[in-house]
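Trainee: I'm new to this one. Could you pick a single part and take a close look at it with me?

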Amino acid sequence: MNKPTEEILLHESLSLAKQETIADLVRRMIKLVGEDPEREGLRKTPERYEKALKFLTSGYHQNAENILNGATFSVCYDEMVVVKDIEFFSLCEHHLLPFFGKCHVAYLPNKRVIGLSKVARLVNMFARRLQIQERLTSQIAKAIEEKISPEGVGVIVEARHLCMQMRGVEKQHGQAVTSAMLGSFRHNKQTRDEFLSLVRNQNA
């Protein structure tokens with residue numbers, strides 16, 4: 001092995017041994033905005049931020065199959081199942097600022113149902129990724145459709161976006177609403193209207 005090749009391998013080995021962490025990058029970012037990362041209030045901020053970011057993006061290390069595995073049941077029930085007001089927090093992929101709100105999920109069973117708590121876990125899984133609200137809404141609906149093949153699925157997400165409230169147009173009371181309607185929720189107005197009525201009725 002010639003010397004240049006040995007030097008390259010040594011350099012690569014050292015690079016792997018000391019890979020830059022999220023905390024290292026945050027420390028550099030703090031410097032770039034004009035602050036001192038070594039002052040008392042900021043000294044542990046990079047590590048705190050890394051820990052928080054890993055939690056807020058933990059959905060990348062989960063999948064719908066594992067979450068719903070063992071939590072679907074054969075039941076003779078053909079009425080609408082609704083889980084509403086599921087609170088969530090996510091990060092906008094365009095600015096890495098939070099958006100948060102409520103998700104309402106409904107489906108018409110076709111011989112199988114999902115454990116109610118698993119619906120909320122499914123929402124959390126997709127929310128804990130870098131997201132846009134439209135994709136989040138669609139992913140939740142498609143995951144339920146793929147797992148239990150219901151007659152239909154409906155998902156509505158209502159959220160406030162800090163990228164709109166803190167910057168840009170700076171509209172503090174603006175709210176975005178997205179929906180995904182599959183199967184009978186798309187094709188049957190009566191089914192869709194029943195879902196919308198249940199979501200809007202705060203006492204339902």
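Mentor: Let's settle one word before anything else: a residue is buried when its relative accessible area is under 20%, exposed when that is over 50%, and partly exposed in between, using a 1.4 Å probe and protein chains only. By that yardstick, 36% of the protein's 204 residues are buried. Keep in mind that this is a predicted model, where local features need pLDDT of at least 70 and side-chain atom pairs count only at pLDDT 80 or more, while totals for chains, interfaces and linings use all residues. Residues are numbered from 1 along each chain as its sequence is written, and side-chain values use heavy atoms, with hydrogens and water left out.

The protein has 9 helices and 7 strands; these are DSSP runs numbered from the N terminus, with helices (H or I) of at least four residues and strands (E) of at least two. The part I'd pick is where helix H5 (residues 116–127) meets helix H6 (residues 133–148), with axes that come within 10 Å and cross at roughly 135°. Axes here are lines fitted to C-alpha atoms, for helices over the stretch in contact, and angles between N-to-C directions run from 0 to 180 degrees. That makes H5 oblique to H6, since under 35 degrees counts as roughly parallel, over 145 as roughly antiparallel, 65 to 115 as roughly perpendicular and the rest as oblique.

Who touches whom? From H5 come Leu122, Val123, Phe126 and Ala127, and from H6 come Leu136, Gln139, Ile140, Ala143 and Ile144; contact means heavy atoms within 4.5 Å. Of these residues, 8 are nonpolar, 1 is polar and none is charged. Ala, Val, Leu, Ile, Met, Phe, Trp, Tyr, Cys and Pro count as nonpolar, Asp, Glu, Lys and Arg as charged, and the others, Gly among them, as polar.

Now follow Ile140 and Ile144 inward: with Phe88, Cys103 and Val105, they have the most contacts inside the largest nonpolar core, which has 33 residues. Such a core is a set of buried Ala, Val, Leu, Ile, Met, Phe, Trp, Tyr and Cys residues joined through side-chain atoms within 4.5 Å. Both H5 and H6 give two or more residues to this core, as do other elements including strand E3 (98–108) and strand E6 (152–161). Leaving out residues up to four places away in sequence, Ile144 touches Val105, Tyr107, Ile114, Leu122, Ser149, Pro150 and Val153. There is also a second, separate core of 8 residues, with Ala106, Ile156, Phe185 and Val199 among them.
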